[in-house]
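Here is a friendly walk through one model, from a residue in its interior out to its charged pairs. Keep the structure open beside the text as you read.

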Amino acid sequence: MLAKRLNNRLEVLSIVILLVFVSLISRLGYLQVVQGKYYGQKADGNRIRLVPTMAPRGIFFDRNGIALVSNLPGFTVSLLPVSGEIPDEVIVKLADILKINVEEVKSKLKQNSGKFEPVRIKANIGPDIVTKIEERRSELPGVVIEIQPIRSYVNNELGAHLFGYVSEINDAQLEKSKADGYKTGDIVGKFGLEEVYDRELRGVDGGDQVEVDVTGRPVNVLGKKDTLPGKNLVLTIDYRLQKAAEVAIDEQLQYLQTKTEFRNAKAAAAIAMNPKTGEILAMVSRPTFNPNLFAGGISNKDWKAINDNPNHPMDNKAISGEYPPGSTFKIVTGTAALELGKVTAEEKILDTGKHWIIDKGNAEGEALGWINFKQALSKSDNVYFYEMGNRLGIDNLEKYARMFGLGAVTGINLPGESDGLVANKRYKEKNYGEDWYLSETFDAAIGQGFQLATPLQIAVMLSEIANGGHRYRPYLVSKIAGANGEVVKTFAPEEVGQISISPSTLTLVRESLRDVALEGGTGAETFRDFPVSIAGKTGTAENSHGSDHGWFIAYGPYEDPRIVVVVIVEQGGFGAGSAAPIAKKILEAAFNINQAPVEATKKYKPNTAL
């Protein structure tokens, strides 16, 4: 009886086991036969990749719609992990082809470890590199060549300090910007407007969902997400004026270097600005660099040439260069003296060639005799303005200098602006632990000694005289627009201060500056018979390291100013001979005087090795 029950149980158990096996075999057959294709694709999932496509950056247009910065199609080499990590032998071979360090490639892969997407190794490679990779394709599994937009600075060096440049994001930037969607291999703005407006210019990347073979080469596109181009910038810059300014500076520096005493005149800056709005029409700094060199990764040779240049090509001297303002500062001194009643328009002061209290005199010992305010400013007489400094004192000079905006950044939308220095007692006491002396007030009154200003600060100062006392924030971008032309944001003139001076003082200062360009003035030789009425001021800044720096500043037309021009030439000597000729060519371009048509795409060779 017991044996029979055991046999029944074994039979039931056998049936259950048999049913389980039948079920498993049926399921296996179903999966292999019916769902085999589906799960085969799932199993091949490690060969399905999202290949991102970089969005083209926004375009820079000048105020008249001329494209100054755009994009070109280019080849980028990436590594796409297909089945595990990229083998070392592949990395070594690729680094050899690209002529880069093996550790650099490994570092990029490490930053992107765990992500099944291409890691960009080098952008903007040439056809020769593409050919080498394709010839050795079987040896380079995981190496992918992508077509990506490459930044193109249409006129090479033109506007380099304004536009800046782009290059691959570095570790510090990546760490700071990861939360905003930045990733390894991204191309970002590193300088100038490219840096300031990077987020607007970047756009939104797209990509393809692709099936790749064992070498990482795409064999089938499964899906696609279109890129969204970055927003465009419409600048306040006038291409024609920018080019005229750059050519004028290059030609003048080359000319000066032929003179023994000015052979070190290898740096300069110029600004053209609308005094009624603060719009920058042109801005130049020399020496310069070609931002296209950075787009695909700058070579050691090119970087060394830039980095070793003692005149610092990467510095935008128009906003960061700090120079003694020289006789251009006499505008401030004269305004203060008139406003505080320290002198009248009619009073004459005897210039015997040197001041009667302290033995300081005019350049080359010149003596002008009895002169009034208008004569003193138009002829840039030092003795007269030494006496104004004597009557005013350093505290009043400081007060009026700051009222004009000196000693503080202008607030232009560019990185790297310097704030200059307004001479004052506190600064000397803090930094040197010494008392202030009258001789230092004399120096400050003519823009020497402790006084320092950037060319942009001087442009703002002169604009306040030209426009009736209003200080506008200088700016470079007038609009941000989408790729379809829709305006996203506009930038309007922004008044940030005023100078409180009487109409009579303003008129006298303006008339004196007008006389600078007339017979007997320090700028007459350059602007004699100029068809547009110009007001200006020459300046010479003492330089303890070589020849003096030359300034020339101007605005015009005198009756209704539409442009302010400021030029400084390092180690160029007197401003009348070094800087004024550059300013004249810029003004000729502004007023279309003796101008040939300018082709927007025509290239010229600037002096980058100054």
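## Inside and outside

L162 has a relative accessible area of 1%, so it is buried. Its place is in helix α6, which spans residues 160–163. Setting aside residues up to four places away in sequence, L162 touches G192, L193, I237, Q242, M283, L414 and L476. The C-alpha atoms of L162 and N413 are 9.9 Å apart, although 251 residues separate the two along the chain.

Before going further, please keep in mind that this is a predicted model. Mean pLDDT for the chain is 88, and 86% of the residues reach 70 or more. Residues 42–46 stay under 50 in pLDDT, and the model gives them one contact beyond four places in sequence. The pLDDT is also below 50 over residues 601–610, yet this stretch has 33 contacts in the model beyond near neighbours in sequence.

Now for E195, which sits in helix α8 (residues 192–196). Is E195 buried or partly exposed? With a relative accessibility of 39%, E195 counts as partly exposed. Leaving out neighbours within four places in sequence, E195 is in contact with G189, K190 and P415. Its C-alpha atom is separated by 7.9 Å from that of V166, a residue 29 places away along the chain.

## Two covered helices

Helix α19 covers residues 438–445, and six of its eight residues are buried, so the rest of the structure largely encloses it. The buried ones are E440, T441, F442, D443, A444 and A445. Which helices help to cover the buried residues of α19? Among them are α14 (330–339), α16 (382–392), α17 (394–403) and α18 (425–432). After α19 comes G447, which has a positive phi near 75 degrees.

L438 joins W356 and I357 in a nonpolar surface patch of about 300 Å². W356 belongs to the loop between β13 (349–351) and β14 (369–371).

Helix α16 is mostly covered as well, with nine of its eleven residues buried. These are N382, V383, Y384, F385, Y386, E387, M388, G389 and L392. They pack against α14, β13, β14, α15, α17 and α19.

## Rings

The whole structure holds 18 aromatic pairs. In one of them, the ring centres of F294 and W303 are 6.3 Å apart and the planes meet at 80 degrees, so this pair is edge-to-face. F294 is buried because its relative accessibility is 4%, whereas W303, at 35%, is partly exposed. Another edge-to-face pair is made by F373 and Y384, at 6.4 Å centre to centre and with 75 degrees between the planes. F373 lies in helix α15 (residues 373–378) and Y384 in helix α16, eleven residues apart. Both F373 and Y384 are buried. F294 and W303 also belong to an aromatic cluster with Y165, F191 and F289.

## Charged pairs

How many salt bridges does a search of the whole structure find? The search finds 32. Three of them are set out here, with the distance between the closest N and O atoms.

| Salt bridge | Closest N and O atoms |
|---|---|
| K93 and E139 | 3.5 Å |
| D560 and K276 | 2.3 Å |
| E387 and R391 | 2.9 Å |

The bridge between K93 and E139 links distant parts of the chain, 46 residues apart: K93 is in helix α3 (residues 88–98), and E139 is in the loop between α5 (127–135) and β5 (143–153). K93 is partly exposed at 28% relative accessibility, and E139 is partly exposed at 32%.

D560 and K276 are 284 residues apart, with D560 in the loop between β20 (549–556) and β21 (563–570) and K276 in the loop between β11 (267–273) and β12 (280–286). D560 is partly exposed at 40% relative accessibility, and K276 is partly exposed at 38%.

E387 and R391 both lie in helix α16, four residues apart, or about one turn of the helix. An α-helix has 3.6 residues a turn, so residues three or four places apart point the same way. E387 is buried, with a relative accessible area of 7%, while R391 is partly exposed at 26%.

Finally, salt bridges with shared partners join R120, K183, D186, R202 and D205 into one network.

Methods:
Residues numbered from 1 in each chain as written. Predicted model: local features only at pLDDT ≥ 70, side-chain atom pairs only at ≥ 80, totals over all residues. Heavy atoms only, no water. pLDDT = per-residue confidence, 0-100. Contact = heavy atoms within 4.5 Å. Buried < 20%, exposed > 50% of the residue type's maximum accessible area, 1.4 Å probe, protein only. Helix = DSSP H or I, 4+ residues; strand = E, 2+ residues; numbered from the N terminus. Patch = residues over 30% accessible without salt bridge, like charges linked within 9 Å, V, L, I, M, F, W, Y side chains within 5 Å. Areas by Shrake-Rupley, 256 points an atom, 1.4 Å probe, with all protein chains shown as cover. Salt bridge = Lys/Arg side-chain N within 4 Å of Asp/Glu carboxyl O. Phe/Tyr/Trp six-rings, centres within 6.5 Å; stacked < 30°, edge-to-face > 60°.
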